[in-house]
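Colleague: I should like to learn how to read the features of a protein model in an orderly way. May we take them one at a time, with the general idea before the particular case?

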Amino acid sequence: MLVRGARRRRGAAVRPVELRAIRAERDQRLSTGIGELDSVLGGGIVPGSLVLIGGAPGIGKSTLTTMALANLREAGRRTLYISAEESAAQIRLRAERLAQPSALAIPVIAETDLDTVVATLEQERPEVCVVDSVQTLHAGELSSAAGSVSQVREAAVRIMRVAKALRIAVLLVGHVTKDGTLAGPRVLEHLVDCVLQFEGERERTYRTVRAVKNRFGSTSEAGVFEMRDHGLVEVLDASARFVSEATRAPGSVVLCAMEGSRPLLVEVQALVSRSELVPPRRVVTGVDRNRVALVLAVLGRHAGIGLGAADVFVNVVGGVRIEDPGADLAVALAVAGAVKGVPLTAARADRPLACFGELGLTGELRNVAHGERRLAEAEKFGLTPAIDPSSHPTLRAALTAAIGAKRPSAIAA
Ligand code: TYD
Ligand code: MG
């Protein structure tokens, strides 16, 4: 932040100060009362900070921010909900659904005009406010339409100015397009203090929130939520649920993933079928498409499993999105199992096979971070020994252990 108070001629030189001479108080964080959200934020909301929450429509951004404000309000904080998208009546109906009675005590305005929003912030001076969404605010002096890059940037800059001056923490909601890009809001990432991404499939129950940028904490935290009838509920036993639901059928495997600094077991499924299309279909949910393409290429080149004439579907069960290089091996084993039509060999016949590891381009398995913690989580559910890079140096070795065949055959081209 700029040095305040020092009135000086424009353009005059200033004297630099050694960092140790600068006063920096550690702010008390404002707890949102939602443990998973607080930890993603690095311990709660920093007063006066600007947090961008991105996510696809319907994922639960308004629900999450309303729940956070309700808890803050309950804790005696001054709050304000600025809706530029829904009417006050719609927000009330949402608040009524939530399990928190204090949701109905949140002061709200439904307003799209940026000048009015800024004036209201100056007058009300809340400690925490939600702006839902940044794309629907409109700055009258700009001719472009709401949601355009210049409008979104103008809205964010003006809100940031009041927020920093009056120490208002702002949760800025931004829509992300289906392909995962924060279209308009992406231009805001360098401006704001913290960027949270809310991910998952709208039709599914599970959602993850993770920090992709955080000036006040690590970006390795992530939280898992479930959308219920009375709002979002934190899922604290996600591994147990996913493991108990894992099918152990051909094409299924359990991945020991890391969700931030926390291990999480999820089921990865694959289906492979002869394709009628050129090029064949690659339908991927929950993991990165490009990683899947790489895995398929490595399977073809280094394991003799050619999929050039096959449609391949890969899915992380439950709607969780995994951003973890350790997912490569799970995708490879699930696809190989699907091609062969056999269940993978697990340590115990009544449990699914667990694995993790990054795939190198030469067919080697590469270590990924937190190997011990992943194995410890697998052990908790009786899934060890798991297949990992330290026990299996190559994809071939992993396939031999999981499928048994020395030379897995190619799907007929
Ligand atoms: P919403 O928060 O409006 O999503 P976003 O602001 O990201 O567009 O809510 C998303 C969906 O969640 C909506 O279809 C309704 C559903 N929902 C529930 O299932 N339970 C609830 O308690 C609430 C409030 C919403
Ligand atoms: Mg919304």
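Modeller: We shall go from the whole chain to its domains, its helices and finally some individual residues. Please bear in mind throughout that this is a predicted model.

Colleague: Let us begin with the whole chain. How many helices and strands does the chain have?

Modeller: The chain has 10 helices and 16 strands. Its C-alpha atoms fill a box of roughly 75 × 55 × 45 Å along the principal axes. Of the 413 residues, 49% are buried. Among contacts with a separation of 6 or more, 72% join residues 24 or more positions apart.

Colleague: Which domains does the domain assignment give?

Modeller: The assignment gives domain 1, covering 27–236, and domain 2, covering 240–410. Their C-alpha centres are 36 Å apart. Domain 1 contributes 17 residues to the contact and domain 2 contributes 16 residues.

Colleague: I should now like to turn to helices. How does one check the length of a helix?

Modeller: One compares the expected span with the distance between the end C-alpha atoms. For H5, residues 149–166, the 18 residues should span 26 Å at 1.5 Å a residue, and the end C-alpha atoms are indeed 26 Å apart, so the two values agree.

Colleague: Which residues of H5 are buried?

Modeller: A general idea helps here. An α-helix has 3.6 residues a turn, so residues three or four places apart point the same way. In this model the buried residues of H5 are Gln151, Val152, Ala155, Ala156, Arg158, Ile159, Met160, Val162 and Ala163.

Colleague: What do the buried residues of H5 pack against?

Modeller: They pack against three strands and a helix, namely strand E1 (50–55), strand E4 (128–132), strand E5 (169–175) and helix H4 (114–124). Just after H5, Arg167 takes a positive phi of about 50°.

Colleague: How is the packing of two helices described?

Modeller: Two packed helices are described by the angle between their axes and the distance between the axes. The axes of H4 and H5 cross at roughly 10° and come within 10 Å. An angle under 35 degrees counts as roughly parallel, and H4 is therefore roughly parallel to H5. H4 makes the contact through Leu114, Asp115, Val118, Leu121 and Glu122, while H5 uses Glu154, Ala155, Arg158, Ile159, Val162 and Leu166. By class, the contact of H4 with H5 has seven nonpolar, no polar and four charged residues.

Colleague: At what angle do H7 and H10 pack?

Modeller: H7 (residues 289–303) and H10 (residues 395–403) pack at about 85°, with axes 10 Å apart. The range from 65 to 115 degrees counts as roughly perpendicular, and H7 is therefore roughly perpendicular to H10. Val298, Leu299, His302 and Ala303 of H7 meet Leu395, Arg396 and Leu399 of H10. The residues of this contact of H7 with H10 comprise five nonpolar, one polar and one charged.

Colleague: Let us consider the backbone. Where are cis peptide bonds found?

Modeller: The omega angle is the value to read. One cis bond joins Asp132 and Ser133, with omega about 0°, and Ser133 lies in the loop between E4 and H5. The bond from Thr384 to Pro385 is also cis, with omega near 0°. Pro385 is in the loop between helix H9 (371–380) and H10.

Colleague: Which residues have a positive phi although they are not glycine?

Modeller: Among them are Arg248, with phi of about 65°, and His370, with phi of about 60°. Arg248 lies in the loop between helix H6 (238–245) and strand E10 (252–259), whereas His370 lies in the loop between strand E16 (365–366) and H9. Partly exposed denotes a relative accessible area between 20% and 50%. Arg248 has 39% and is therefore partly exposed. His370, at 39%, likewise counts as partly exposed.

Colleague: As a last case, what does Ser273 touch?

Modeller: Leaving aside residues up to four places away in sequence, Ser273 touches Ala309, Ala310, Asp311 and Phe313. Ser273 belongs to strand E11 (residues 262–274) and is partly exposed, with a relative accessible area of 28%. From Ser273 to Leu142 the distance is 53 Å, C-alpha to C-alpha, and the two are 131 residues apart in sequence.

Technical notes: Residues numbered from 1 in each chain as written. Chains lettered and ligands numbered in written order. Predicted model: local features only at pLDDT ≥ 70, side-chain atom pairs only at ≥ 80, totals over all residues. Heavy atoms only, no water. Axes fitted to C-alpha atoms, helices over the stretch in contact; angles between N-to-C directions. Helix = DSSP H or I, 4+ residues; strand = E, 2+ residues; numbered from the N terminus. Parallel < 35°, antiparallel > 145°, perpendicular 65-115°, else oblique. Contact = heavy atoms within 4.5 Å. Nonpolar A, V, L, I, M, F, W, Y, C, P; charged D, E, K, R; others polar. Expected span 1.5 Å × (residues − 1). Buried < 20%, exposed > 50% of the residue type's maximum accessible area, 1.4 Å probe, protein only. Domains from an automatic or database assignment.
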